Amino acid sequence: MQVDFYHLTATPLDRALPQIAEKVVAGGGRLLIVAGEPAQREALDRLLWSYAPASFLPHAQLGQGDDTVQPVLIAPDVNAANRARNVALVDGVWRDDALDFDRAFHFFDDDRIREARLAWKALADRDGVQRRYWKQNDAGRWEQAA
């Protein structure tokens, strides 16, 4: 199981998340996006329809259709009703349930860096967990830092 920590400094979530979601879906995978706040889930729902003029990323919020067929599902908790093997934690809150997936993307900003560091340390001794930390360089490109 792989956990990718994405420290959002230069690129906001609304630009980083669609790129990850597109890659997962293009590779034939499914993605569960977890955000605790209803307002953030609503914003993400709108974002995934409109982030680029030529974009089309099929998705839904949990309970707003047939969850089992959604390539991307937005939910308040780690509930993979779409049978996703990839999960994106987008509200800066680490959830250990993410370890039940093949891959987790943990997005956090400077306001949540303390919690992210605690999660990083807690995962160090977990068998079968591979951690990667991504930061942005001066050009705004993601680089693996750890």
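Two strands are treated as paired when DSSP finds at least two bridges between them, and helices (H or I, at least four residues) and strands (E, at least two) are DSSP runs, numbered from the N terminus. The model on screen is predicted, so that local features need pLDDT of at least 70 and side-chain atom pairs count only at pLDDT 80 or more, while totals for chains, interfaces and linings use all residues. Residues are numbered from 1 along each chain as its sequence is written, and side-chain values use heavy atoms, with hydrogens and water left out.

**Stop 1: strand β6**

Select residues 103-108, which make up strand β6; five of these six residues are buried (under 20% relative accessible area, with exposed meaning over 50% and partly exposed in between, for a 1.4 Å probe and protein chains only), so the strand is largely enclosed by the rest of the structure. Add strand β5, residues 86-89, which runs parallel to β6 and is joined to it by four bridges. Ala88, in strand β5, has Phe105 as its bridge partner in β6, and Ala88 is buried, with a relative accessible area of 0%. A C-alpha to C-alpha distance from Ala88 to Leu44 gives 12 Å, for two residues that are 44 apart in sequence.

Next, show strand β1, residues 2-7, which pairs with β6 in the parallel sense over six bridges; there, His7 has Phe108 as its bridge partner.

**Stop 2: the aromatic rings**

Rings of Phe, Tyr and Trp (its six-membered ring) pair if their centres lie within 6.5 Å, with planes under 30 degrees apart counted as stacked, over 60 as edge-to-face and the rest as tilted. By this rule the count comes to nine aromatic pairs. One of them joins Phe5 and Phe108 edge-to-face, at 6.4 Å centre to centre and with 75° between the planes. This pair links distant parts of the chain, since Phe5 is in strand β1 and Phe108 in strand β6, 103 residues apart. Phe5 is buried, with a relative accessible area of 1%, and Phe108 is buried as well, at 3%.

Move on to Tyr6 and Trp134, whose rings are stacked at 5.9 Å centre to centre with 10° between the planes. Because Tyr6 lies in strand β1 and Trp134 in strand β7 (residues 130-136), the pair ties together parts that are 128 residues apart in sequence. Both Tyr6 and Trp134 are buried.

Now select Phe5, Trp94, Phe108, Trp120 and Tyr133 together, which form one aromatic cluster. Arg131 lies over the face of Trp120, at 4.0 Å from the ring centre; a charge sits over a ring if NZ of Lys or CZ of Arg is within 6 Å of the ring centre and within 35 degrees of the ring normal.

**Stop 3: the largest pocket**

The largest pocket holds about 240 Å³ of space. A pocket here is an open set of points on a 1 Å grid over the protein atoms alone, where a 1.4 Å probe fits, with protein on both sides within 12 Å along at least five of seven lines, and lining residues have an atom within 4 Å of a point. Its volume is the space filled by probe spheres set on the points. Among the lining residues to select are Tyr6, Lys23, Asn86, Arg103, Phe105, Trp134 and Trp142. The largest share of the lining, five residues, comes from α1, and α1 (13-26) and β6 each supply at least two.

**Stop 4: Arg83**

Finish at Arg83, in the loop between β4 (72-75) and β5. Most residues other than glycine have a negative phi. Arg83, although not a glycine, has a positive phi of about 60°, and at 54% relative accessibility Arg83 counts as exposed.
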